[in-house]
Amino acid sequence: MSTNRTFTMIKPDAVENGHIGAILEKITAAGFKIVAMKYTQLSLRDAQEFYGVHRERPFFGELVEFMTRGPIVSAILEKENAVEDFRALIGATNPADAAEGTIRKMFATSIGENAVHGSDSDENAAIEGAFHFSGREIY
Ligand code: GDP
C-alpha cells in the first residue's frame, strides 16, 4: 500500500446517530479520495485482533463491546500526507480536547465513543487496510 493512504472506520456511535453522510462529506471535502469502502460489522474476534495493541488497557473490554455493537463503515483513503492530515481532520481521541471543526469535536460524544478511527502511522494504515480489504476491493 502506498504511503499516501490511511485507513478509517466510522464507528457504531456515529452510524447509530445518522452521521455517515456528514462524516463522508467532511472527508471528501478535505481532499481525501475513497479507494475502498464497505458497510460491515466487526465480530468479537475481529475487534479483539484489530485493537490487540490495547489488550492490556483497562478499557479494552469496553472498547471491544462498543466496536462490535453495530455496523461500521470502513474505508481506505488516499491523499498526500494522508495519515497525518487525517489525524488532524478527526482531532484528539477525547472530543473534549479536539479542536473546533474536527470530526470528533462535531460528532463524538466521549473518549470511548469517538465517532471515527484514523490510523496513527503509515505502517498501521497498511496493516489495518489489509485487515479489512482484499486487493481486489481497493480501487
Ligand atoms: P486514537 O488513535 O485517537 O483512536 O486513540 P487510541 O489508539 O489511544 O485508542 C483507541 C481507541 O480506544 C479510541 O479511539 C477510543 O475509541 C478507545 N479509547 C481510548 N481511550 C479510552 C478510554 O479511556 N476509555 C474508553 N472506554 N475507550 C478508550
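This report covers the ligand site and one buried serine in a predicted model.

**The ligand site**

The ligand sits in the largest pocket. Around the ligand are K11, H54, F59, E62, L63, R87, T93, R104, I111, G112 and N114. By class, this shell divides into three nonpolar, four polar and four charged residues. The charged group includes K11 and R104, and the nonpolar group includes F59 and L63.

Three residues of the shell place a polar side-chain atom by a ligand oxygen atom. The table gives the distances.

| Residue | Side-chain N or O atom to ligand oxygen atom |
|---|---|
| T93 | 2.6 Å |
| R87 | 2.8 Å |
| H54 | 3.1 Å |

The protein also covers much of the ligand surface: taken alone, the ligand exposes 550 Å², and the protein buries 82% of that.

**S119**

S119 lies in a loop. The loop runs between strand β4 (116–118) and helix α7 (122–132). Is S119 buried or exposed? Its relative accessibility is 0%. The cut-off for buried is under 20%, so S119 counts as buried.

What does the side chain of S119 contact? It makes a polar contact with the side chain of E128, at 2.7 Å. E128 falls within the span of α7 (122–132), so this contact links the loop residue S119 to that helix.

Conventions. Residues numbered from 1 in each chain as written. Predicted model: local features only at pLDDT ≥ 70, side-chain atom pairs only at ≥ 80, totals over all residues. Heavy atoms only, no water. Near = heavy atom within 4 Å. Polar contact = N/O pair within 3.5 Å; in protein donor to acceptor, adjacent residues only side chain to side chain. Areas by Shrake-Rupley, 256 points an atom, 1.4 Å probe, with all protein chains shown as cover. 1 Å grid on protein atoms, 1.4 Å probe; cavity = no way out; pocket = protein on both sides within 12 Å on 5 of 7 lines; lining within 4 Å. Sits in = over half its atoms within 2 Å of the grid points. Helix = DSSP H or I, 4+ residues; strand = E, 2+ residues; numbered from the N terminus. Buried < 20%, exposed > 50% of the residue type's maximum accessible area, 1.4 Å probe, protein only.
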